[in-house]
Amino acid sequence: MSIKLLGAVCIICACGGMGFSMAAAHRKEESALRHLIQVLDHMGCELQYRLTPLPELCRTACEDTRDVVGQVLLRLTEELESQVAPDAASCMRAAVDKVGKLPTSVRKNLLVLGTSLGRYDLQGQMRGIEAVRIQCRTDLEALTLNRDARIRSYQTLGLCAGCALAILFL
């Protein structure tokens with residue numbers, strides 16, 4: 001009987017852990033989008049007022065944040081300085097691939113940002129940054145809408161699924 005009980009506890013913990021990890025991923029995506037918006041604001045100011053070159057711009061932008069956005073910008077700086085790829089979009093794609101686990105909306109927005117950086121004149125780059133900023137804010141609003149209820153639902157569904165599986169197996 002104790003082996004069945006131990007198995008039931010393991011199942012409940014595993015499913016509950018899955019629910020809690022989904023809630024944590026939701027929080028992480030929201031935080032990454034907030035940091036990306038801050039980085040875009042910084043990049044826009046630097047480009048508009050100081051005309052900072054792209055590698056230096058990415059380096060100063062990643063100094064402010066140490067999360068996944070900062071890691072991508074640090075990799076982008078390394079890619080741009082090593083001149084492996086011919087354009088910023090290819091460098092951004094390589095940097096995003098090297099970092100690995102990025103939330104989907106952040107990954108998509110960073111790739112769009114890479115297509116506009118270094119490709120156009122100043123006004124074109126500013127329009128590209130503004131377009132990505134607007135998309136980030138839209139994604140962030142969608143994530144924050146009913147955030148608490150959604151996170152509680154992930155956690156509750158994980159625990160309830162674990163309990164249901166434990167009951168089925170007992």
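These points go through the helices, the core and one surface patch of this structure, which is a predicted model.

1. The largest nonpolar core has 37 residues, and among these M43, L110 and L113 touch the most other members. Helices α1, α2 (54-64), α3 (68-82), α4 (88-99), α5 (104-116) and α6 each supply at least two residues of this core, with the largest share, 8 residues, coming from α1.

2. For L110, one of the residues with the most partners in that core, the contacts beyond four places in sequence are L36, V72, M92, V96 and L102.

3. Helix α6 covers residues 122-144 and contains D139. Is D139 buried or exposed? Its relative accessibility is 14%, and because buried means under 20%, D139 counts as buried. When neighbours within four places in sequence are left aside, D139 is in contact with L33, S105, K108 and N109.

4. Helix α7 runs over residues 147-169, and its length can be checked against expectation: at 1.5 Å a residue, its 23 residues should span 33 Å, and the end C-alpha atoms are 33 Å apart, so the two values agree.

5. Which residues of α7 are buried? They are I151, Q155, G158, G162 and A166, and what covers them includes α1 (2-50).

6. Also in α7 is L165, which has 34% relative accessibility and therefore counts as partly exposed, since that class lies between the 20% limit for buried and the 50% limit for exposed. Together with L168 and F169, L165 makes a nonpolar surface patch of about 350 Å².

Conventions:
Residues are numbered from 1 along each chain as its sequence is written. This is a predicted model: local features need pLDDT of at least 70, side-chain atom pairs count only at pLDDT 80 or more; totals for chains, interfaces and linings use all residues. Side-chain values use heavy atoms; hydrogens and water are left out. Patches are made of residues with over 30% relative accessible area and no salt bridge: like charges are joined within 9 Å, nonpolar side chains (Val, Leu, Ile, Met, Phe, Trp, Tyr) within 5 Å. Accessible areas come from the Shrake-Rupley method with a 1.4 Å probe; for residues, only the protein chains shown count as cover. A salt bridge is a side-chain nitrogen of Lys or Arg within 4 Å of a carboxyl oxygen of Asp or Glu. Helices (H or I, at least four residues) and strands (E, at least two) are DSSP runs, numbered from the N terminus. Buried means under 20% relative accessible area, exposed over 50%, partly exposed in between (1.4 Å probe, protein chains only). The expected span of a helix is 1.5 Å times one less than its number of residues. Contact means heavy atoms within 4.5 Å. A nonpolar core is a set of buried Ala, Val, Leu, Ile, Met, Phe, Trp, Tyr and Cys residues joined through side-chain atoms within 4.5 Å.
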